[in-house]
Amino acid sequence: MTASLPVPVVWSQDCLRHDPGGEVWLGVKDAGTEVPERALVIRDALAAAGAPEVPAAAHGDEVLQAVHDPALLGHLAGVWAEWEQAGFPAEWGRDRVVPYVFPTEGMLGGLPGRLPPAVHGRAGRFCYDTMTLVGPGSWAAIRGAADVALTAADLVSAGAQLAYALCRPPGHHVTGSAYGGSCYLNNAAIAAQALVAAGAGRVAVLDIDAHHGNGTQSIFYSRGDVFYGSVHVDPGAGWFPHYVGYADERGAGPGEGANLNLPLPPGTGDEGWLTAIRDLCAAAAAHRPGAVVISLGLDAAEADPESPLRVTEAGYREAGRLTAALAPTVLVQEGGYHLPTLGPLVIAALTGAAEAVTG
Ligand code: SP5
Ligand code: ZN
């Protein structure tokens with residue numbers, strides 16, 4: 001009989017209510033991989049491993065408003081009702097919110113960024129890709145995932161060494177004012193901000209999802225109190241988010257030096273990935289964090305359909321051990337799409353994190 005996994009798992013049933021119903025990739029709607037079953041297989045595996053479950057508590061909007069533009073929060077909360085009201089599902093067969101015009105710098109050429117009254121025009125102001133669809137249950141899940149992150153941060157602020165936030169949908173691609181990458185609100189940034197607000201001092205966010213967390217980077221880019229570091233597949237090698245996540249992005253103003261990107265070549269496995277994570281931990285330790293947030297994507301794993309990295313379960317266990325050794329740690333679920341291996345991978349990561357705490 002193995003000892004049960006001593007990491008509290010924060011959970012909200014609302015996280016199952018978001019059904020993006022696919023993703024529009026390169027002009028064609030595909031089935032999509034960010035499905036509700038992801039959260040269920042992880043939850044089942046952790047229950048079987050004996051990890052205690054903690055229900056998410058409802059929180060106010062204060063921390064959300066500290067990391068996100070209130071206009072983004074309002075848009076996400078109301079966009080489905082507006083879409084329905086405008087008749088897109090019933091009259092046009094458009095059963096999810098998907099933008100089709102994007103106000104890029106190149107389009108506006110310096111003209112003011114207006115807020116179009118028509119919802120189908122306004123959608124591209126807040127969503128920067130075509131893969132991140134909104135449906136009837138989406139807001140309940142998005143807001144529920146934020147409460148999951150906030151509840152996990154509360155546990156650590158109250159003295160727990162570790163807490164795991166089983167957030168769905170994921171969050172690390174969301175900037176202060178725009179969503180994308182299958183993400184809607186930045187759960188990890190919300191957890192980090194909550195830790196700061198509770199008096200943790202400096203916080204380090206370590207992002208080990210296969211993709212660069214462009215949203216988290218953007219939110220904290222000019223802040224010196226929150227370090228952001230990421231290991232991810234090189235966006236310059238053809239991977240999402242393509243435009244951000246390069247090694248020369250080091251932070252700005254008071255945040256200069258508090259941002260570190262370690263892009264890796266496609267095909268990188270445990271050795272190269274863990275070497276980069278050790279470098280990330282050394283940089284984060286120099287920042288002397290009072291608390292750590294791990295953006296725990298499981299999509300760096302070799303079987304994952306969304307990334308070319310080749311990390312094993314043993315790699316994830318070591319990554320958990322290395323990162324959670326820095327300070328009390330909130331682990332926030334990000335990506336990870338290969339349903340048969342999500343359970344073993346999350347157990348490996350949390351087992352490693354628990355080893356770091358118990359020695
Ligand atoms: C949180 C997170 O991991 N977001 C991932 C966003 C990247 N999604 C890119 C999807 C590209 C289309 N997928 C094609 C899969 C072909 N196997
Ligand atoms: Zn990812």
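**A note on the sheet and the zinc site**

1. A good place to start is Leu 296, whose bridge partner in S10 is Gln 333. Strand S9 (residues 291–296) and strand S10 (residues 329–333) run parallel and are joined by 5 bridges. Strands here are DSSP runs (E, at least two residues), as helices are (H or I, at least four), numbered from the N terminus.

2. Please keep in mind that this is a predicted model, where local features need pLDDT of at least 70 and side-chain atom pairs count only at pLDDT 80 or more. Residues are numbered from 1 along each chain as its sequence is written, and ligands are numbered from 1 in the order in which they are written.

3. Stepping back, S9 and S10 belong to an open sheet of 8 strands with parallel pairing, in the order S4-S1-S5-S10-S9-S6-S7-S8. Pairing requires at least two DSSP bridges between two strands. Strand S4 (53–55) and strand S8 (259–264) are the edges, each pairing on one side only.

4. Now for the metal: the zinc ion (ligand 2) is coordinated at 2.0 to 2.1 Å by Asp 209 (OD), His 211 (ND1) and Asp 299 (OD). Donors are N, O and S atoms within 2.8 Å of the metal (3.2 Å for Na, K and Ca); water is not among the atoms, so sites may look incomplete. Along the chain, the donors follow the spacing D-x1-H-x87-D. Asp 209 lies in the loop between strand S6 (203–207) and helix H9 (214–220), and Asp 299, 90 residues apart from Asp 209, in the loop between S9 and helix H11 (313–324).

5. Are these two aspartates, Asp 209 and Asp 299, buried or exposed? Asp 209 counts as buried because its relative accessibility is 2%, and Asp 299 is buried at 0%. Buried means under 20% relative accessible area, exposed over 50%, and partly exposed in between (1.4 Å probe, protein chains only).

How values were computed. Heavy atoms only, no water.
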